[in-house]
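Please read the following account with the model open beside it. It moves from the overall fold to individual side chains.

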Amino acid sequence: MKRTPPRTTTFALLLAALVGTAVAKLPAPSDEAKAKAAEAAAKTAHAGKADAYKLCLSMDKVAADYRTRAKAAGKEVKPAAETPACADPGAFVYTPPVAASAPAAAASAPPAAASKG
C-alpha cells in the first residue's frame, strides 16, 4: 500500500479549513439579489410549463396521425383513453411579491410628518 506524504495531507486539511471559513463568512443576499432569484425561479417554472404544453400538443398530434394511418390501413383502432386537455400557460408575466417592510415604513412616516406641522 502506498503511503501519502504528510505534506499532502496537511495541505489538504489546511485547504479544507480555509474553504470552510470562506463559505461561513459570505454575507446574506441583498433584497435585490433575492428578488432576482425569485424572478429566475418563476421564469424557470414557466418554461417548464410551456415545455410540457408543447410536449402535450406534439403527443396529441402524433396520436391523431397514428389513428388516421391505422384506420386507412384497415387496422382495428381502439378508442383513445381520456386524458386532460393541454393547458396553455400563456406568456410569462412576473409580479413581484409585496415587500413586508413597506407597510411598516409607511406606518412610521405619518407621525414624523405630524410632528413637523
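The paragraphs below take up the overall fold, then the second helix and its surroundings, and finally a patch on the surface.

This is a predicted model, in which local features need pLDDT of at least 70 and side-chain atom pairs count only at pLDDT 80 or more, while totals for chains, interfaces and linings use all residues. Residues are numbered from 1 along each chain as its sequence is written, and side-chain values use heavy atoms, with hydrogens and water left out.

The protein has 3 helices and 0 strands, and from the N terminus on its elements run α-α-α; helices (H or I, at least four residues) and strands (E, at least two) are DSSP runs, numbered from the N terminus. Of the 117 residues of the protein, 3% count as buried, where buried means under 20% relative accessible area, exposed means over 50%, and partly exposed lies in between (1.4 Å probe, protein chains only). The accessible surface comes to about 10300 Å², and carbon and sulfur atoms account for 66% of that area; accessible areas come from the Shrake-Rupley method with a 1.4 Å probe, and for residues only the protein chains shown count as cover.

Helix 2 has 42 residues and reaches 62 Å from its first C-alpha to its last, close to the 62 Å expected at 1.5 Å a residue, the expected span of a helix being 1.5 Å times one less than its number of residues. Which residues of helix 2 are buried? They are H46, A50, C56 and A70. Just after helix 2, G74 takes a positive phi of about 85 degrees.

Consider first the surroundings of H46, which lies in helix 2 and counts as buried because its relative accessibility is 18%. If its neighbours within four places in sequence are left aside, H46 is in contact (heavy atoms within 4.5 Å) with P89, G90, A91 and F92. F92 also comes into view from K43, another residue of helix 2, since the C-alpha atoms of K43 and F92 are separated by 7.2 Å although the two are 49 residues apart along the chain. K43 itself is partly exposed, with a relative accessible area of 45%.

Further along helix 2 comes a covalent link. The structure holds 1 disulfide, a disulfide being a pair of cysteine sulfur atoms within 2.5 Å, and the bond joins C56 to C86 with an S to S distance of 1.9 Å. The torsion about the S-S bond of C56 and C86 is about -80 degrees, so the disulfide is left-handed. Because C56 lies in helix 2 (residues 31-72) and C86 in the loop between helix 2 and helix 3 (101-116), the pair ties together parts that are 30 residues apart in sequence. C56, at 18% relative accessibility, counts as buried, whereas C86 is partly exposed, with a relative accessible area of 21%.

Two further residues of the loop between helix 2 and helix 3 can be placed against residues that precede them in sequence. A85, found in this loop, counts as exposed at 71% relative accessibility, and its C-alpha atom is separated by 9.6 Å from that of D60, 25 residues away along the chain. P79, which lies in the loop as well, counts as exposed at 76% relative accessibility; P79 and R67 are 12 residues apart in sequence and 9.5 Å apart in space, C-alpha to C-alpha.

What holds for charged pairs in general is that side chains of opposite charge can pair when their charged atoms come close. A search of the whole structure finds 1 salt bridge, defined as a side-chain nitrogen of Lys or Arg within 4 Å of a carboxyl oxygen of Asp or Glu. R69 forms this salt bridge with D65, the closest N and O atoms being 3.0 Å apart. Because they are 4 residues apart in helix 2, R69 and D65 are separated by about one helical turn. R69 counts as exposed at 60% relative accessibility, and D65 is partly exposed, with a relative accessible area of 38%.

The account ends at helix 1 (residues 6-24), where F11 is found. F11 counts as exposed, because its relative accessibility is 56%, and together with L15 and V19 it makes a nonpolar surface patch of about 300 Å². Patches are made of residues with over 30% relative accessible area and no salt bridge, with like charges joined within 9 Å and nonpolar side chains (Val, Leu, Ile, Met, Phe, Trp, Tyr) within 5 Å.
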